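Reader: Hey, could you walk me through this one? I'd like to start with how the helices pack.

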Amino acid sequence: MNLADAKAELAALFPQGQPILAAVTGWPLAYTRSPILHNYWCAAYGIDGLYLRLPLAPERFETGVHALQALGFAGLNVTIPHKEAAYSLAGRHTHQARRAGAVNTLVFSPDGTILGDCTDGTGYLDSLDQAGITLPRKTLVLGAGGASRAVCAALLDAGCDLAIANRTRSRAQSLVEALGGGTVLDWQEWPEALASFGLLTNTTSLGMAGQETHDWAATLALASSDLVVSDIVYMPLETPLLAAARARGLKGVDGLGMLINQARPGFAAWFGHEPQVDDTLRARLIETID
Ligand code: ATR
């Protein structure tokens, strides 16, 4: 059966209209919380939609994406290791995707073009906003890996005075050059400089379940009492850094808000409704973490 006949057959199965389809793809896609998020919102808003988990090996990524587009999917989330490949595949990019040099959200437009977006940075800023944080001017980001770039770009674009510290200094330097802004702080020196910052963001794997950690209590002792501490890691939900911040009486923001908020633009584009973050959704995700 050719594609046109298959699509006509599929349409006939849904006389009231086909469900909207979207999916997350990555490799290996051992566990992803994205289906929980999107299917929760579809149910909450009475949307006839279905969000699937579709592992795609790197050599099948491009053809797989085009096949899903041809079958009528509305779009995809893209995770490791496909974020750069998704950037190359998209014919159009949002400002945020260009700044991040990566794409985590693909939107299949009715005209056949594919829009690439990167929602990690705005998801991060939204998570601070929902935690009632007013973005301070002076911000320090720890880490210069893939997860750091979108966050750094968003902070710079929001007008922050950004410093980046990374164990391997050259990666922080490359990031500053790629973003055209920010300064590099030496990994050995950032603790002593901490008192001058209003926001500390950890994007490294320090403190992630099963990974090394750091003597955060000693470091945070050097911070000003209004420092906001955030960790984009959400496994565990309260990372050693956030536990140390709480012990010191500092405001902390966990990584769950970023996970939820990075999903919102894709949902709005595919399913046609601006989703809201609520406590039930947060609780449902927390059940999957503990
Ligand atoms: P991701 O895409 O999740 O950011 P990554 O590109 O591997 O993953 O980056 C991991 C980040 O954690 C890097 O900034 C890394 O520092 P290096 O660039 O020096 O590797 C940082 N990191 C990992 N383990 C660390 C440790 N023990 N101490 C300090 N930083 C660490």
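Author: Sure, starting with α12 and α13: L256, G257, L259 and I260 in α12 meet L281, R282, L285, I286 and I289 in α13. Contact here means heavy atoms within 4.5 Å. Helices are DSSP runs (H or I, at least four residues), strands are runs of E with at least two, and both are numbered from the N terminus.

Reader: What classes do the residues of that contact of α12 with α13 divide into?

Author: They divide into 7 nonpolar, 1 polar and 1 charged. Ala, Val, Leu, Ile, Met, Phe, Trp, Tyr, Cys and Pro count as nonpolar, Asp, Glu, Lys and Arg as charged, and the others, Gly among them, as polar.

Reader: Before we go on, what am I looking at, and how is it numbered?

Author: This is a predicted model, where local features need pLDDT of at least 70, side-chain atom pairs count only at pLDDT 80 or more, and totals for chains, interfaces and linings use all residues. Residues are numbered from 1 along each chain as its sequence is written, and side-chain values use heavy atoms, leaving out hydrogens and water.

Reader: Got it. At what angle do α12 and α13 pack?

Author: About 120°, with their axes 11 Å apart. That makes α12 oblique to α13. Axes are lines fitted to C-alpha atoms, for helices over the stretch in contact, and angles run from 0 to 180 degrees between N-to-C directions. Under 35 degrees counts as roughly parallel, over 145 as roughly antiparallel, 65 to 115 as roughly perpendicular and the rest as oblique.

Reader: And what does α2 do with α13?

Author: The axes of α2 (residues 34-44) and α13 (residues 279-289) come within 11 Å and cross at roughly 150°. So α2 is roughly antiparallel to α13. On the α2 side, I36, L37, Y40 and W41 meet T280, L281, R284, L285 and T288 of α13. That contact has 6 nonpolar, 2 polar and 1 charged residues.

Reader: How about α6 against α12?

Author: Helix α6 (residues 120-130) packs on α12 at about 125°, with the axes 7 Å apart. That makes α6 oblique to α12. The contact involves D120, G123, Y124, D126, S127 and Q130 of α6, and G257, M258, N261, Q262 and R264 of α12. By class, it has 2 nonpolar, 6 polar and 3 charged residues.

Reader: Switching to pockets. How much space lies in the largest pocket?

Author: About 1700 Å³. A pocket is an open set of points on a 1 Å grid over the protein atoms alone, where a 1.4 Å probe fits, with protein on both sides within 12 Å along at least five of seven lines; lining residues have an atom within 4 Å of a point. Points are joined across faces, edges and corners, and the volume is the space filled by probe spheres set on them.

Reader: Which residues lie nearest its centre?

Author: I80, K83, A147, M208 and I232, out of 50 that line the largest pocket. The lining has 24 nonpolar, 18 polar and 8 charged residues. Its largest share, 5 residues, comes from α7.

Reader: Which residues does the cis peptide bond with omega of about 5° join?

Author: I80 and P81. P81 sits in the loop between β3 and α4. The bond from M235 to P236 is also cis, with omega near 5°, and P236 lies in the loop between β11 (228-231) and α11 (240-248).
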